[in-house]
Amino acid sequence: EITMPRPPKRRILCVANQKGGVGKTTTAVNLAVALALHGNRVLVIDLDPQGNASTGLNVPHHSGVPDIYQCLIDGVPLDSVTQAVEGIPTLWAVPATIDLAGAEIELVSVVARESRLQRAIRASEGEYDYIFIDCPPSLGLLTVNALVATDEVLIPIQCEYYALEGVRALTENIEMIRSHLNPVLEVSTVLLTMYDRRTRLADLVEQDVRAHFGAKCLNAVIPRNVRVSEAPSYSQSVMTYDPGSRGAVSYFEAAQEIALRGAQRTQPGAQRTQSG
Ligand code: ADP
Ligand code: MG
């Protein structure tokens, strides 16, 4: 029996890893769908000019559609670029169009360039339990905006050589942003993706990542599963495309862990209970 209690306070998770193809978008989309299917109100913000999260959620994002670019650069309210996701009544998405490709450069010369997304989210009147931000594969100003706007970072790690070396630059950036721009920022969650149980390498990488990140690393591991990679071509998440697949079941487990941990979390600055 899967239960995903709604968090006491809205949680913002940014899914980040400067490496491409490690499963950021797949993770953001599938966790969001899993939580929404179990009674949570969820928003996905697509912050990658490639618009893969928009595609995966079947949200229009062709040129001309109001998108996150307008929000970041022109100051258009987040709520006015938010779309309902068809078929899942408690899921919404802010799409990214190709316009966002210019934002990395254009942001350089706007006021409060690191905190445009934070301001937009704070001004939103949407009542969400979760906001997932799908980051582009870089550490530029778009990712900086995500790290300033978020409470929690979720790092998907693909089980391959140098997996840990790959996230060092990201964790250094997180430290820098924590000390200068966003004191509540923390890596709350690490998820192993595209895991191939038959290989000794996957096993070694898993041991390394668990030793390094400890309890931040979810027990659930996402296997390499063809159903996961097929789903986007049907404009679906694997959660609806094939809910019984190993990929979908693992994402449900990961979402449940995230929800249960969140239910236990003390809020930043909150008093700890005597027993805690
Ligand atoms: P990123 O957003 O980090 O660039 P994606 O989520 O787009 O990575 O994943 C990269 C590719 O790998 C995509 O084609 C996706 O469908 C595929 N993929 C992701 N997770 C899995 C998985 N568990 N099993 C099989 N294919 C996967
Ligand atoms: Mg992506």
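In this predicted model, 18 residues surround ligand 1, and those that come nearest are Lys24, Thr25, Thr26, Val228 and Ser229. Two elements each give two or more residues to this shell, helix H1 (24–37) and helix H9 (226–230). H1 supplies the largest share, three residues. The make-up of the shell by class is tabulated below.

| Class in the shell around ligand 1 | Number of residues |
|---|---|
| Nonpolar | six residues |
| Polar | 10 residues |
| Charged | two residues |

The next residue to consider is Ile157, which belongs to strand E6, residues 152–158. Ile157 counts as buried because it has 26 C-beta neighbours inside 10 Å, and the cut-off for a buried residue is 20 or more. Leaving aside residues up to four places away in sequence, Ile157 touches Val22, Ala163, Val167, Val190, Leu192, Thr193 and Val209. Ile157 can also be placed relative to Glu253: the two residues are 96 residues apart in sequence, and their C-alpha atoms are 17 Å apart in space.

A database annotation covers part of the chain. In an unreviewed entry, UniProt lists residues 11–186 as "domain: AAA". In the model, the C-alpha atoms at the two ends of residues 11–186 lie 12 Å apart. This span is 37% helix and 16% strand.

Definitions and conventions. Residues are numbered from 1 along each chain as its sequence is written. Chains are lettered from A and ligands numbered from 1 in the order in which they are written. This is a predicted model: local features need pLDDT of at least 70, side-chain atom pairs count only at pLDDT 80 or more; totals for chains, interfaces and linings use all residues. A residue is near a molecule or strand if its C-beta atom, placed from the backbone, lies within 6 Å of it. Helices (H or I, at least four residues) and strands (E, at least two) are DSSP runs, numbered from the N terminus. Ala, Val, Leu, Ile, Met, Phe, Trp, Tyr, Cys and Pro count as nonpolar, Asp, Glu, Lys and Arg as charged, and the others, Gly among them, as polar. A residue is buried if 20 or more other C-beta atoms lie within 10 Å of its own, exposed if 12 or fewer, and partly exposed in between; C-beta atoms are placed from the backbone. Two residues are in contact if their C-beta atoms, placed from the backbone, lie within 7 Å. UniProt positions are given in the numbering used here, feature names are shortened, and annotations may be inferred rather than shown by experiment.
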